[in-house]
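Biologist: I should like to go through this model with you. Please have the sequence and the structure on the screen before we begin.

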Amino acid sequence: MAEINNHSTQEEQHHNELNEVKRSLEGWREVLLPLNGLLNWEKTYHPAIIIGLNTFIFMLIWYFEPSVLTTFALLGLAVSLIDFLVPMIGPNFFASKWTGRQEHQYEEICKRIMHFKYHSSNLMDSMVSLKTERPKTYFLIVMGALVSMAWMGSRMDNLLLTYFLLTILMLVPGIRRHGVLQKYFSRVFGVVTSLVRGKAKKFKSS
């Protein structure tokens with residue numbers, strides 16, 4: 001009985017947190033749907049748009065060569081303007097009847113955002129627990145990651161490295177949704193398997 005009550009309490013808490021996320025992003029819902037479609041590659045040309053837009057922004061930064069402080073200031077201004085204007089303009093610009101299908105898509109987006117928060121929180125808790133229980137392992141993981149990042153940063157231009165990392169990050173949702181890595185890995189695995197089998201047959205025949 002206690003287990004059932006605990007399960008119902010968790011479901012109620014999950015539902016309340018989902019409603020809170022939906023309310024906090026309500027002004028963005030008309031914008032989140034097309035943005036979600038773009039990141040998930042609902043059209044075949046969406047990856048080209050993502051790469052092209054990201055390339056254009058980084059080309060501007062490369063051409064004008066602003067200082068680090070100016071870059072962060074401009075980035076902050078852009079984020080502030082978007083955060084202020086989108087909830088005001090979005091509902092009017094994308095003025096249309098909000099359908100049940102759109103509401104379902106919006107709820108799925110909010111669920112993914114909430115799950116991302118859960119995963120981030122669990123990762124932080126895991127690192128804190130690892131630091132407490134196995135400090136040597138924690139030290140090796142952190143130092144290894146930082147040294148690898150430092151080595152990579154010394155080998156590549158900072159702007160170019162940031163461009164590649166941000167582009168890959170923006171392409172990840174579409175890659176996961178379409179199973180691009182699984183397809184290529186399965187093909188590579190199939191080729192390697194056929195080569196190994198062919199060599200094994202030759203070895204047996206000889």
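Biologist: Let us start with H2: which residues are buried there?

Modeller: The buried residues of H2 are Arg-29, Glu-30, Leu-32, Leu-33, Asn-36, Gly-37 and Leu-38. Buried stands for under 20% relative accessible area, exposed for over 50% and partly exposed for what lies in between, with a 1.4 Å probe and protein chains only. The helix label comes from DSSP runs numbered from the N terminus: H or I over at least four residues for a helix, E over at least two for a strand.

Biologist: What kind of model is this?

Modeller: It is a predicted model, in which local features need pLDDT of at least 70 and side-chain atom pairs pLDDT 80 or more, while totals for chains, interfaces and linings use all residues. Residues are numbered from 1 along each chain as its sequence is written, and side-chain values use heavy atoms, with hydrogens and water left out.

Biologist: And overall, how many helices and strands are there in the protein chain?

Modeller: The protein chain has eight helices and zero strands, so that, by the DSSP definition, its elements are helical runs. From the N terminus on, the order reads α-α-α-α-α-α-α-α. Of the 206 residues of the chain, 15% count as buried.

Biologist: What happens just after H2?

Modeller: Trp-41, just after H2, takes a positive phi of about 60°.

Biologist: Back to Glu-30, then. Which residue forms a salt bridge with it?

Modeller: Glu-30 pairs with Arg-29, and their closest N and O atoms are 3.4 Å apart. Glu-30 counts as buried because its relative accessibility is 14%. A salt bridge here is a side-chain nitrogen of Lys or Arg within 4 Å of a carboxyl oxygen of Asp or Glu. By this rule, the count is six.

Biologist: What about Lys-111: which side chain does it meet in a salt bridge at 3.8 Å?

Modeller: At that N to O distance, the partner of Lys-111 is Glu-107. Both lie in helix H5, four residues apart, which is about one turn of the helix. Lys-111 is partly exposed because its relative accessibility is 24%, and Glu-107 is partly exposed as well, with a relative accessible area of 24%.

Biologist: And how far apart are the closest N and O atoms of Glu-108 and Lys-111?

Modeller: They are 3.9 Å apart, and the two residues form a salt bridge. Glu-108 and Lys-111 are three residues apart in helix H5, again about one turn. With a relative accessible area of 30%, Glu-108 is partly exposed.

Biologist: Which residues do salt bridges with shared partners join into one network?

Modeller: The network holds Lys-22, Arg-29, Glu-30, Glu-103, Glu-107, Glu-108 and Lys-111. Arg-29 and Glu-30 are thus members of it, and these two are also among the buried residues of H2.

Biologist: Let us change topic to empty space. What volume has the largest pocket?

Modeller: Its volume is about 1400 Å³. On a 1 Å grid over the protein atoms alone, a pocket is an open set of points where a 1.4 Å probe fits, with protein on both sides within 12 Å along at least five of seven lines; lining residues have an atom within 4 Å of a point. Points are joined across faces, edges and corners, and the volume is the space filled by probe spheres set on them.

Biologist: Which lining residues are the closest to its centre?

Modeller: Of the 31 residues that line the largest pocket, these are Ile-57, Phe-58, Ile-61, Leu-75 and Leu-166. Helix H2 (29–39), helix H3 (46–64), helix H4 (68–93) and helix H7 (158–178) each give two or more residues to the lining. H4 provides the largest share, nine residues.

Biologist: How does that lining divide by class?

Modeller: It has 24 nonpolar, five polar and two charged residues. Nonpolar covers Ala, Val, Leu, Ile, Met, Phe, Trp, Tyr, Cys and Pro; charged covers Asp, Glu, Lys and Arg; the others, Gly among them, are polar.

Biologist: Phe-58 interests me. What separates its C-alpha atom from that of Leu-159?

Modeller: The separation is 7.8 Å, although the two residues are 101 residues apart along the chain. Leu-159 is found in helix H7, and it is partly exposed because its relative accessibility is 28%.

Biologist: How much space lies in the second largest pocket?

Modeller: That pocket holds about 1100 Å³. It is lined by 28 residues, and the closest to its centre are Asn-36, Leu-39, Ile-109, Arg-112 and Pro-173. H2, helix H5 (100–133) and H7 each supply at least two lining residues, and H5 gives the most, with eleven. By class, this lining has 13 nonpolar, nine polar and six charged residues.
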